Amino acid sequence: MRLLSKLLLLVLLGMLALAGWMYHYMQQPLDLPQSPQDLVLDYGTSLRGIAQQLVQEGVLDEPWSFILLVRAQGMAGEVKAGNYQLQQGMTAYDLFLMLTNGATSQSSITFIEGWNFRQMREALNRHEDVRHLSIPLTDQEILARIGADASVAEGLFFPDSYYFSRGMSDLDILRRAYQTMQHKLAAAWATRSAGLPYRTPYDALIMASIIEKETGRAGERPMIARVFLNRLKFGMRLQTDPTVIYGLGEQFDGNLRRGDLQADTPYNTYTRSGLPPTPIAMPGLAAIEAALHPASGRALYFVGKGDGSHAFSSSLAEHNRAVARYQLRRN
C-alpha cells in the first residue's frame, strides 16, 4: 500500500508538473520573424507536418511542445488548412485557437457580370489558391458533380466575389455560385411583374443575360428589357448582336460583319424568332431584376449614342433618325 501511495503521488506530481509546464508554454509569446506574418497550411497536412512547418518558418523553436498542447486538448484532428495571418504578441495558445477555429485570412475569386462559363473556368484554373478538380471534366460532368439539374452551364452561376480558405476545390466554389444564382433568381421570380411572357425562371435568366450584355448602365436595363419584351409581344425578332456573337463562339474575331448576322445559328436572333436556347452570359442581379421588372413604354428600338448610353425609339422612322444622329454622323 505504501508503494502504491508513492506511485500515485509521483503520478500526481507529474501531472501537476505537466500542467504547470503547459500553462507556462501556452502563455509564452511567439518570437515571429516578422509581423504580420502569413502562414499557409495545405489540406491533408498532418499535425506533425504542420508543427514542422511552423518551425521551418520561424514561428516555433521546436515542434513537440505544440504537438503535445494540441493532443492534450483532444484537437489533433481539428487543425484546419487555410491562409492565416500571425501578429507579434500572439502566444502559443493563441496560435492553437487560431488554427483549430479556422480563423483564416481568406482568399477570394471574383466572377464578373457578363462573363461566360468558359471565362469562369479559366479564372478558376489560374487561381493558385484553388484546388483544381474540374480541369479534366466536361461542363456536363461539372454540373453533375455540383448537383445542378441542367445540361448547359451557361448563365447558371451568380457573378460575385467568393471568399474561401486556401485549398478549397473549384467544384465547391462553383457549387456556391450555382446555389447563389438559384436563390437570387427564385426570389426575383416570386415578385415578378404581371403579364410577362416567360414560361419559367430559366426564360427570364436568358433574357437577363441578353440585357447584361447589351448595356453596362444600370439605369437603362429596365428599358432594354421593355424593348425586347415589346418585340416578343409583336412577333418581332430580338435582333440583338450579343446573341449572334455568342453563337459564333471562337470564330468571332472582334468584328461583327453583315455575313455574321445572316449566318444561321441557334443563337442568331436576326434569323430566328423568340429567345435563344440558353443564356449567353452570367447576368448580375440588376439585369435579372430588369428582366422581371421592366420599364413601361412602347419602345421597339435603341441605338448607342457613343458614350455608353442609348437612345430609345417607338417607331422605325424615329429609330432611323436616331441612327443618323448618333451613328452615321459619328462614323
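These notebook entries record what I looked up in a predicted model.

**Entry 1: the strands**

I began with strand S2, residues 82-86. I asked how many of its residues are buried. I found that 4 of the 5 are, so S2 is largely enclosed by the rest of the structure. I then looked for its pairing with strand S1, residues 37-41, and found 5 bridges in the antiparallel sense. To fix the register I noted one facing pair: Gln37 stands opposite Leu86 in S2.

I turned next to strand S3, residues 107-110, and asked which residues lie on its covered face. Ser107 and Ile109 form that face, whereas Ser108 and Thr110 form the uncovered one. I recorded that S3 is joined to strand S4, residues 161-164, by 4 bridges, and that the two strands run antiparallel. Thr110, from the uncovered face of S3, stands opposite Ser161 in S4.

**Entry 2: Pro63 and helix H3**

I located Pro63 in the loop that links helix H2 (47-56) to helix H3 (64-72). I asked whether Pro63 is buried or exposed. Its relative accessibility is 9%, and because the cut-off for buried is under 20%, Pro63 counts as buried. Setting aside residues up to four places away in sequence, I listed its contacts as Ala51, Gln52 and Val55. I also checked the separation of Pro63 from His24, which lies 39 residues away along the chain, and read 16 Å between their C-alpha atoms.

From there I followed H3 to its packing against helix H4, residues 92-101. The axes of H3 and H4 are 11 Å apart, and the angle is about 55°. The two helices are therefore oblique to each other. I noted the crossing of H3 past H4 as right-handed. On the H3 side I found Phe66, Leu69 and Val70, which meet Ala92, Leu95, Phe96 and Leu99 in H4. By class, I entered this contact as 7 nonpolar residues, with no polar and no charged ones.

**Entry 3: helices H7 and H8**

I then examined H7 and H8, and asked at what angle they cross. Their axes come within 10 Å and cross at roughly 100°. H7 and H8 are therefore roughly perpendicular to each other. I listed the residues that make the contact: Met181, Leu185 and Trp189 of H7, with Pro201, Ala204 and Leu205 of H8. By class, the contact of H7 with H8 has 6 nonpolar residues and neither polar nor charged ones.

**Entry 4: helix H12 and what covers it**

For helix H12, residues 285-292, I recorded Ala287, Ile288, Ala290, Ala291 and Leu292 as buried. I asked what covers these buried residues. The cover includes helix H7 (170-190), helix H8 (201-214) and helix H9 (221-233).

**Entry 5: Thr240**

My last query concerned Thr240, which I placed in the loop between H9 and helix H10 (241-248). Its relative accessibility is 0%, so Thr240 counts as buried. I asked which residues Thr240 is in contact with, leaving aside its neighbours within four places in sequence. I found Ile210, Glu214, Phe228, Thr269 and Tyr270.

Technical notes:
Residues numbered from 1 in each chain as written. Predicted model: local features only at pLDDT ≥ 70, side-chain atom pairs only at ≥ 80, totals over all residues. Heavy atoms only, no water. Buried < 20%, exposed > 50% of the residue type's maximum accessible area, 1.4 Å probe, protein only. Contact = heavy atoms within 4.5 Å. Pairing = 2+ DSSP bridges. Axes fitted to C-alpha atoms, helices over the stretch in contact; angles between N-to-C directions. Parallel < 35°, antiparallel > 145°, perpendicular 65-115°, else oblique. Left-handed = near helix turned anticlockwise from the far one by under 90°. Nonpolar A, V, L, I, M, F, W, Y, C, P; charged D, E, K, R; others polar.
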